Amino acid sequence: MSYIPIPEDKHFRIKRIGYDPGRSRPWLERFVYSLYVFAFWAFVILTYAGVPALFDWLGWTAGWGYVVMRATQVVMLFLLSAIIALMLILALRKYLGKVQERYGPMHYGPAGGIQTVFDALKLLGKEDFVPAAADWLTFRLAPAVTFVSSFAIFAVVPFASGWTLADTNVGLIYLIAVSTLSAYGVLLGGVSSGNKWALIGALRAGAQMVSYEIPLALVFLAVAVWSGSLSLGKIVDAQMGLWNVVPLFIPFVLYVISSLAELKHIPFDFPEAESELIAGYNVEYSGMSFAFFFLAEFVELFLLPALIVVFFFGGWHGPLFGLEPGTLAAGALQSLYFTVKTAVWVWIFLWIRATLPRYRDDQLMEFAWKAMIPLALFGLVLAAYMRLIWR
């Protein structure tokens, strides 16, 4: 990689900030981003083990104390979602820079490590206005609906054995119900903007998300049929001896493709095709309203790979090296396994986004209805047949 010469500027000297673009430091970048992953892991431990331990020490584990404890965990998860978004935006920009042989963020912090923090502060300072032709209430409501639909998935994601907010027996049904809400937020945002390009982007997004949510729901059902439960915790426990990716390989492939379509990432980024729609359904948004759409998108960029790990790659399972299950040390190690597996799949999603071209709109819809849905139905029938034969 040949470095791009940067002209001298008396008001902006790169070396004063601590980074010399003429000297590559890949070890520093790897070290800094590894620290971010471990910081995320520590935050997960604090949320799922530290907060309950604190309330148990205070004796506030019953009645309103339990309600306050859960509310505290929800606030911690909201902060965790913001951390996830900042980390993944930075990782995407750096990885796209590497693939395209250019610089990613490099000026602020070690190896550009706090660039996205300054970007978030910039968005906080921008004016958040409503266009004159927009419907005020709907325009304001759309980003909140989109973010809440993504954030609510955290309630049933198990980071370790017992580390989940709601290990309900109908977790998969909850996922199907909550994931559909994001389509409403996108549609409301585009339709209420009073902009024809935003309207076209919203209609594209609605058609795409509804089409690919059908095979996604069928994949959920195939996993439930094979595992014999709708609880995410029990689905993970059912993979003690064999990961679901082996018997459910077809649903696994369909889930990966449908997840890319749900994220609206390349090769399925039609709702935000900058060359055609000038950013699509969120073109009229600014400030934090604009940020909430991307916060939801990057939270989903973590949660959808996390669900791949839960459904197909054994969740938190891994060697405990003699640790007693149920202890803090065992839970921390299990959450580390879960974090590392999820990070690998996040990188695969970023790799796909950086390398593949965009499909045409008609190819996208034809692929969903003529290939994805029939294959998803076949995968569901095959999962039921294998359940009857081998389990």
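This is a short guided tour of the protein in your viewer, one selection at a time.

**Before you start**

The model is predicted, so local features need pLDDT of at least 70 and side-chain atom pairs count only at pLDDT 80 or more, while totals for chains, interfaces and linings use all residues. Residues are numbered from 1 along each chain as its sequence is written, and side-chain values use heavy atoms, with hydrogens and water left out.

**The whole protein**

Begin with everything selected and a cartoon view. You should find 14 helices and 0 strands; here helices (H or I, at least four residues) and strands (E, at least two) are DSSP runs, numbered from the N terminus. The radius of gyration, taken over C-alpha atoms, is 22 Å, close to the 21 Å that the globule rule gives for 391 residues, so the protein is as compact as a globular protein of that length. That rule is 2.2 Å times the number of residues to the power 0.38. Along the principal axes, the C-alpha atoms fill a box of roughly 70 × 50 × 50 Å.

Now switch on the surface. The protein exposes about 18600 Å², and carbon and sulfur atoms supply 70% of it; such areas come from the Shrake-Rupley method with a 1.4 Å probe, and for residues only the protein chains shown count as cover. Buried residues make up 50% of the 391 residues. Buried means under 20% relative accessible area, exposed means over 50%, and partly exposed lies in between (1.4 Å probe, protein chains only).

How do the contacts span the sequence? Among contacts between residues at least 6 apart in sequence, 79% join residues at least 24 apart. A contact means heavy atoms within 4.5 Å.

**Stop 1: S193**

Select S193, in the loop between α7 (181-191) and α8 (196-227). Is S193 buried or exposed? S193 has a relative accessible area of 1%, so S193 is buried. Show its side chain: a polar atom there lies 2.5 Å from the backbone oxygen of G189. Leaving out residues up to four places away in sequence, S193 touches P131, A133, A134, F139, A198, Y281, E284 and Y285.

**Stop 2: E213**

Stay with α8 and pick E213, which lies in this helix. The relative accessibility of E213 is 12%, so this residue counts as buried. Which residues does E213 touch, not counting those up to four places away in sequence? They are S179, T180, S182, A183 and E262.

**Stop 3: N282**

Next, select N282, in the loop between α11 (274-277) and α12 (287-312). N282 is buried as well, because its relative accessible area is 2%. Not counting residues up to four places away in sequence, N282 touches F290, F293 and F294. For a distance to try, use A144: its C-alpha atom and that of N282 are separated by 13 Å, with their positions 138 residues apart along the chain.

**Stop 4: W163**

Move to W163, found in the loop between α5 (136-151) and α6 (171-179). W163 has a relative accessible area of 9%, so W163 is buried. Setting aside neighbours within four places in sequence, W163 is in contact with V44, I45, Y48, A49, V157, P158, L328, G331, A332 and S335. Add K94 to the selection: W163 and K94 are 69 residues apart in sequence and 32 Å apart in space, C-alpha to C-alpha.

**Stop 5: K98**

Select K98 in helix α3 (residues 64-99). K98 is partly exposed, because its relative accessible area is 47%. Where is A354 relative to K98? The two are 256 residues apart in sequence and 9.6 Å apart in space, C-alpha to C-alpha.

**Stop 6: V246**

Finish at V246, in the loop between α9 (232-237) and α10 (249-263). V246 has a relative accessible area of 56%, so V246 is exposed. F313 sits 67 residues away along the chain, and the C-alpha atoms of V246 and F313 are separated by 9.3 Å.

How values were computed: Polar contact = N/O pair within 3.5 Å; in protein donor to acceptor, adjacent residues only side chain to side chain.
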